[in-house]
Amino acid sequence: MSKQKLVVVGNGMAGARAVEEVLARGGAEMFDIVMFGEEPYGNYNRILLSEILNGIQDADGITMNPLSWYAENGITLHAGHRVEKIDRAAKIVISNGGVRARYDKLMIATGSRAFIPPMQGVRMEDGSLKPGVFGYRTIADCQQIVDYARRSKIAVTIGGGLLGLEAARSMTVLGCESHVVHLAGHLMEMQLDVAAGGILKKTIEGMDIRVHTSKLTTEVLGTDKVEGLRFKDGTELPCDLVLVAAGIRPNSEIGQLSGLTVERAIVVNDHMQSLDDRDIYVVGECAQHRGRLYGLVAPLYEQAKVFAEHVTRTNVNAAYHGSKLATKLKVMGVELASMGITDPTDDNDEVVQFTEPKRGTYKKLIVRDGRLVGGILMGDIGKAPFLMQAFAQDAPLPEERLSLMFDLGTPSAKVTYDEMPAETQVCNCNGVTKAGIAASVVAGASSSKAVMAQTRAGMGCGACKGEVTELVSWLLGGEVEEDPSVHYYVPTIPMRKPELMREVVARGLKSVSSVFRELGNGEVDPSAKPALASLLITVWKGEYEDERDARFINDRVHANIQKDGTFSVIPEMPGGVCTPDELVRIGQVAQKYNVPLVKLTGGQRVDLVGLKKDDLPKIWSDLGFKAGYAWGKSYRTCKSCIGTDFCRFGLGDSMGFAQRIERRYRGIDSPAKLKLATAGCPRNCSEAYVKDVGFVAVGDGKWEIYVGGAAGAHIRKGDLLFTAKDETEAMLIGSRFMQFYRENAKWKERTYTFMERIGLERVRAVVVEDSEGICADLDAAMEASIAATVDPWLEAVAPKTANQFTSVIPAKEDV
Amino acid sequence: MMASTEVLLGFIDQIPVGEGRTFRVADLEIAVFHTAEGAVYATQAFCPHRQGPLADGLLGGTTLMCPLHDRTFDLRSGCGTSHEQLGLATYPTRVSDGEIWLHPVPSPAREAAE
Ligand SMILES: Cc1cc2nc3c(=O)[nH]c(=O)nc-3n(C[C@H](O)[C@H](O)[C@H](O)COP(=O)(O)OP(=O)(O)OC[C@H]3O[C@@H](n4cnc5c(N)ncnc54)[C@H](O)[C@@H]3O)c2cc1C
Ligand code: HEM
Ligand code: SF4
Ligand code: FES
């Protein structure tokens, strides 16, 4: 029998998943598959769009089905083609690009679009949105928003639901003053009651987002672009960017045009077929099943499965019965779980409630006839898996209500997984249960990575990854077969760092090329070269053979490359202190070279940004400063506060100490950046608690040493390693810690991950109590490293390689 | 139109071993690489991702890694190796008597098959 044609309209999360389910059931033998998608790429994870808005990911980073996936599975994809018409009589679909495709079975998965509520002035005459107004649905939307936000000061998000709040958070990340305007009296009114909405509002306002509830927007002000919003109550809010997250509308016009029954969306039966045409299936947000529409991926994926079983005839009785929605969400770092109703609706409903507004914790359960009919958990959602299970299965609840809300005497993880019912859903996005994960392990998957690839658990919003990993290791009795290469220092050389260091010493390998030659497998991975260079510098110090091609461009030209290929120059400024003369000189150099941007850095020094590579040596000579090492995986800088010199609170000479630190450690390479600070008292103005190494004066000459702190994308208070009796001792212990880190951390492993991997107890034992008897070695190694550093800006007069600073070389002879 | 005869870029030792440099031929900028194995390759000067300066990238064998966001390419074909939909235009080169000659007509950027 020749193959049938399966045509899919809509290449989004439901459409692509449905095709995967078809392929998993041998669909490639049954069908020639043709897909149309209006967006010009393969399917991506829409749930992660906020990461594009925040700049954490680009489009590639959230792609789930790259173009190669379609090719490998023999699927013809018409990306960038919108299907305009279905000719049901001829069984043909026609795209706006003129492509015609005949079908035997058709699947519609056109999803939804952002709903733009009627507001005066929201659109221009030609019907397009007024410049500055955006929906929030696609990669293209996000790219435009990011672009526009760069030029905007005040951003308003209309809609205080999940999407709106996420978007408002991103607006602050993009540097805008961020407001949320919400029609209802409290935030997320679909998932939360008044009390929880109020607590969430407080938490969010603490993140510098202004929340306006009970506000109806009636007009978008401005003639050719957004200038503000006007509300029903007559008030106005000036702004230059408006993001609309006020709900979604299904793309069901295609059904209407083709004569299918459409109410709020295209109406389907339990097999996900259109009521009017059994050869047309509808899956996803554009489908209406038993009167309900779904806007979360979990139910859509269930629909996709039913469709696949039915269309491939692997189960002709496959039927979708609707989903009970229980969701676990993370809104701007606040963990939330919500299921069923938010307020009691029956006099006999029993409400169990707990509130701790100060910590943002709120728990409320609504029980009817001994069964859970609604629940809200906020802040602490430890009990969510159990409760969501009970809700979905309508299971009777234990009499002791307190235990529904709290883990009383937390049992060990082992017992928990033991007790976990097989049908407990672990990954909500992809609907993977404990049994599903167990089956994958039984079938031979022996690492969490393999289980995730097979079952897709953890591949949606990612919130459950940790739990999946723990469960897998429990299932394997703790014998998870790890991919051993994750421990290698660089991928192509099968050794961990300490082992590799011993081998390098034993064989006397002093250059990166010699390490590849003697220990590698013939393959030279470019990303491994800087990692090896860093290790060799730590091992060999002054004897290291510096092959410049092994180093990242920043370390070849001693400046920091910028997005447009220009460089930035940061002169050293110990403790953030300089003389008036020095300050004037920096200003003069900035003028002379027409520096596009002069910026004070977070590390208390001056950054000259946007310089041509060719100018670098001249600038260094004119500056007459030492290099600030702001470009490398190395000691960066040590911030300080005013300390005893002028501050009326000062307990220790934080400024002097910072300067002595900088003069000692400048130019010391390390596995990742080392950012330090000293504070003159525990008021901590220089933020020493959140540095890789921070020193805080506590009186009587004593200094507390904090290590492993961070306040970048990741925030962690440093661990108190030791309280030193004076500056000399503080310097010594700090130094030892840095050397221990240099010798043992993985490439690019910051101290905050290093500390969590090694543990404070062990680090303290080694560097304070000398439990391994290596302190003298650590101290000597650091002294030798310090002695071996040379100011790289001296290459201004003695370049190290040919055309080191030449941005463009003219061809010798143009023919 | 660019002349289709070969152009003399200059001595090979203008490019340190294992690194790249950008050359200008008439109005055109071209990234030229001198691999550790001694071979010379030429590609478009700027990364198709976000215009990173490719000559500032890192080389391993014939693999080039862009300095801005770590996309990798095979210098021999121009094909993207980390992101197959990205590709580079390459230019034929040869070395004789220590001098690099380049044919300034690119073989087109490799793109993913539609
Ligand atoms: C910012 C954001 C965050 C979200 N977060 C979560 C979350 O945390 N958890 C959760 O469960 N859900 C979340 N969702 C919802 C989830 O992404 C959607 O429910 C899901 O993507 C819907 O899948 P779909 O296939 O029905 O629609 P879509 O993914 O929208 O796919 C439809 C595709 O069809 C295309 N199309 C439309 N019309 C045509 C046509 N005529 N011809 C060809 N192609 C067409 C569209 O361009 C689109 O690519 C979020 C959504 C957004 C926007
Ligand atoms: C009389 C008391 C204080 C005055 C007058 C004062 C003033 C200032 C000023 C003018 C700035 C610089 C703002 C800028 O860079 O634009 C600043 C920054 C700062 N202050 Fe204060 N401050 C005081 C007390 C404190 C205290 C007690 C703390 C800590 C608990 C503190 C923490 C900070 C921090 C963390 C910064 C930012 C530092 C940085 O930019 O890196 N300040 N302060
Ligand atoms: S940390 Fe203490 S000593 Fe230093 S400036 Fe702040 S208040 Fe003064
Ligand atoms: S510009 Fe080359 S990887 Fe981004």
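These legends describe close-up views of a predicted model. Residues are numbered from 1 along each chain as its sequence is written, chains are lettered from A and ligands numbered from 1 in the order written. Local features need pLDDT of at least 70, side-chain atom pairs need pLDDT 80 or more, totals for chains, interfaces and linings use all residues, and side-chain values use heavy atoms, without hydrogens and water.

**View 1. Ligand 1 has a shell of 29 residues.** A residue is near the ligand if one of its heavy atoms lies within 4 Å of it. Ala14(A), Glu39(A), Val83(A), Arg137(A) and Glu285(A) come nearest. The shell divides into 12 nonpolar, 11 polar and six charged residues; Gly counts as polar, and Asp, Glu, Lys and Arg count as charged.

**View 2. Polar atoms of chain A lie beside ligand 1.** An oxygen atom of the ligand is 2.5 Å from a side-chain N or O atom of Glu285(A). An oxygen atom of ligand 1 is also 2.8 Å from a side-chain N or O atom of Arg46(A). A nitrogen atom of ligand 1 is 2.8 Å from a polar backbone atom of Val83(A). Taken alone, ligand 1 exposes 1,000 Å², and the protein buries 94% of that (Shrake-Rupley method, 1.4 Å probe).

**View 3. Ligand 1 lies between two domains of chain A.** Domain 1 (4-112 + 250-311) and domain 2 (133-246) both give residues to the shell, so the ligand lies between them. These bounds come from an automatic or database domain assignment.

**View 4. Two cysteines are shown, Cys66(B) and Cys578(A).** Cys66(B) is buried, at 2% relative accessible area, whereas Cys578(A) is partly exposed, at 27% (buried is under 20%, exposed over 50%, partly exposed in between; 1.4 Å probe, protein chains only).

Conventions
Polar contact = N/O pair within 3.5 Å; in protein donor to acceptor, adjacent residues only side chain to side chain.
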